[in-house]
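Here are some notes for you, as someone new to this structure. Have a look at the model first, then read through the points below.

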Amino acid sequence: MSSSEPDRPARADARRNREKLLAAAQHAFVADGDAAPLERIARAAGVGIGTLYRHFPTREALVEAVYGAELDDVIASAPALLDQHAPDAALRAWMDRYADFFATKRGMLDTLRPGWASGRITTPRGRVTAALGSILDAGARAGVLRADVDPEDVTMLVLGVLLSTGVEDDPERTGRLLDLVVDALRPRP
């Protein structure tokens, strides 16, 4: 697809190739970090390196796409968790999903930071805050979570826990700290 035709939808085969590349890259990044060889990613997706570069002109673009797609899944899980659990339990379950995501993506942060710092890509914090806000609102309506907290403050608390504990190194401690965050969000007697 040329840049002069931005509104034209991608062909079905191009969409399939992109999805195969994202899946192969996700697997490779988990196994080898974001320095995984691009040629191997293309081969695992069943496409040539030129196809990879057509979809993702730089390694950074591929890392950003994998990170974004997986974050989309975490963000989108908030409504389903609210359907399955009471809001306070949904909040804790969502935090676990985010912690798992964070642990597996921690190695990508060095690649993503320059894009965030330059403003070329937006930081995910606003999306995380929106997801947390929807759960907090449901909890406040149900009377199981405080109504007087700013979702951005909760985002900062969760990020503080995840950045300080090394989620993959000490998941038990991370869990205890996230429990404390949820306890702090319960209404005062």
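The points below go from the whole chain to a helix, a helix pair and a single residue.

1. First, keep in mind that this is a predicted model. The protein chain has 9 helices and 0 strands, so if you read the elements from the N terminus on, you just get α-α-α-α-α-α-α-α-α.

2. Next, the chain as a whole. It has 189 residues, and 42% of them count as buried. Take the contacts in the protein chain with a separation of 6 or more: 67% of them come from residues 24 or more positions apart.

3. Now pick out helix α2, which covers residues 38-45. Which of its residues are buried? They are Leu 38, Ile 41, Ala 42 and Ala 45. Looking down the axis of α2, you'd find these buried residues within an arc of 100 degrees, so they line one face of the helix. The spacing is easier to follow with a bit of background: an α-helix has 3.6 residues a turn, so residues three or four places apart point the same way.

4. What do the buried residues of α2 pack against? Their partners are α1 (12-32), α3 (49-55) and α4 (59-84). On the face of α2 turned away from the buried side sit Arg 43 and Ala 44, both exposed. After α2 comes Gly 46, and its phi is positive, near 80 degrees.

5. Then there's the pair α8 (residues 151-165) and α9 (residues 171-184). Their axes come within 10 Å and cross at roughly 165 degrees. Angles over 145 degrees count as roughly antiparallel, and α8 and α9 are therefore roughly antiparallel to each other. The crossing of α8 past α9 is right-handed.

6. Which residues meet where α8 and α9 touch? From α8 come Leu 157, Val 158, Val 161, Leu 162 and Thr 165, while α9 brings Arg 173, Thr 174, Leu 177, Leu 178 and Val 181. By type, the residues of this contact are 7 nonpolar, 2 polar and 1 charged.

7. Last, a single residue to check: Asp 88, in helix α5 (residues 87-105). Is Asp 88 buried or exposed? Its relative accessibility is 17%, and the cut-off for buried is under 20%, so Asp 88 counts as buried. If you set aside the neighbours within four places in sequence, Asp 88 is in contact with Val 144, Leu 145, Val 182 and Arg 186. Of these, Val 182 lies in α9, the helix of points 5 and 6, which spans residues 171-184.

Terms used
Residues numbered from 1 in each chain as written. Predicted model: local features only at pLDDT ≥ 70, side-chain atom pairs only at ≥ 80, totals over all residues. Heavy atoms only, no water. Helix = DSSP H or I, 4+ residues; strand = E, 2+ residues; numbered from the N terminus. Buried < 20%, exposed > 50% of the residue type's maximum accessible area, 1.4 Å probe, protein only. Contact = heavy atoms within 4.5 Å. Axes fitted to C-alpha atoms, helices over the stretch in contact; angles between N-to-C directions. Parallel < 35°, antiparallel > 145°, perpendicular 65-115°, else oblique. Left-handed = near helix turned anticlockwise from the far one by under 90°. Nonpolar A, V, L, I, M, F, W, Y, C, P; charged D, E, K, R; others polar. Arc of directions from axis to C-beta.
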